[in-house]
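Work through the exercises below with the sequence and the model in view. Try each task before reading its solution.

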Amino acid sequence: MRFASAWLGSVLMETTGIVRRQTAERVRDALERLVTERDVWVSTAHPDHGPHQVPLWFLWDGRAVWMCTGATSVTARNVRREPRVRLSLPDTFDVLLLQGEAECFPDQEVPADAAEAFADKFGWDPRVEEGSFLYVRVVPSTVRAWRGEPELHGRVIMRDGTWLE
């Protein structure tokens, strides 16, 4: 069995060109993606209705992910009741998963620097829209990153809010 597993890993690396990254490289790549990418899948849960998942625009401020959603959306209602969330970038091969607790800020109470950075990135400022919006801030406690099967081992690159080396 061990031979078959080693052979399969070898075949995958040859056919897909996967080169196993060390933790420091995975952290660097994850941070770069958090700065440059636009969309994140947000998974929340309601105690009675179960899981809910939606894509939202996001901003990485160097420490936390900021998102914005309608103040009465299912996502907003869920994070107010159960702040534990999971976030994932949309690429299913170059996987980046974040886990943390959501902190909510009504659009008129969000820190100005976060709202301005969000507006600068997207050209959209929810604070001036009709209707109410909720900014959601998530400081990750755990981050996992991997590209294909060869990187499943060692995929945790942040534990208890600390980036691993």
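**Exercises on burial, contacts and salt bridges**

**Exercise 1.** Which residues does R137 touch, leaving aside those up to four places away in sequence?

Solution. The model is a predicted one.
- Step 1: list the contacts. R137 touches D61, R63, A64, V65, W66, E101, A102, E103 and F105.
- Step 2: place the residue. R137 lies in strand β6, which covers residues 133–147.
- Step 3: judge its burial. The relative accessible area of R137 is 19%, and buried means under 20%, so R137 counts as buried.

**Exercise 2.** Find the element that holds E116, and decide whether E116 is buried, partly exposed or exposed.

Solution.
- Step 1: locate the residue. E116 sits in helix α4, residues 112–122.
- Step 2: use the accessibility. The value for E116 is 39%; the partly exposed class lies between under 20% and over 50%. E116 is therefore partly exposed.
- Step 3: add a distance. C104 is 12 residues away from E116 along the chain, and their C-alpha atoms are 17 Å apart.

**Exercise 3.** Describe the salt bridges that R33 forms with E37 and with D94.

Solution.
- Step 1: recall the principle. Side chains of opposite charge can pair when their charged atoms come close.
- Step 2: take E37. Between R33 and E37 the closest N and O atoms are 2.7 Å apart, and a salt bridge requires them within 4 Å.
- Step 3: take D94. Here the closest N and O atoms of the salt bridge with R33 are 3.5 Å apart. This pair links distant parts of the chain, since R33 belongs to helix α2 (residues 23–36) and D94 to strand β5 (residues 94–106), 61 residues apart.
- Step 4: check burial. R33 has a relative accessibility of 11%, so R33 is buried. D94 is buried as well.

**Exercise 4.** What is the N to O distance in the salt bridge of R38 and D39, and how many salt bridges are counted?

Solution.
- Step 1: read the distance. The side chains of R38 and D39 meet with N to O at 2.7 Å.
- Step 2: classify both partners. R38 has 46% relative accessibility and is therefore partly exposed. D39, at 22%, is also partly exposed.
- Step 3: turn to the network. Salt bridges with shared partners join R21, E25, R26, R28, D29, R33, E37, D94, R147 and E151 into one network.
- Step 4: give the total. The count comes to 14 salt bridges.

Note on methods: Residues numbered from 1 in each chain as written. Predicted model: local features only at pLDDT ≥ 70, side-chain atom pairs only at ≥ 80, totals over all residues. Heavy atoms only, no water. Helix = DSSP H or I, 4+ residues; strand = E, 2+ residues; numbered from the N terminus. Buried < 20%, exposed > 50% of the residue type's maximum accessible area, 1.4 Å probe, protein only. Contact = heavy atoms within 4.5 Å.
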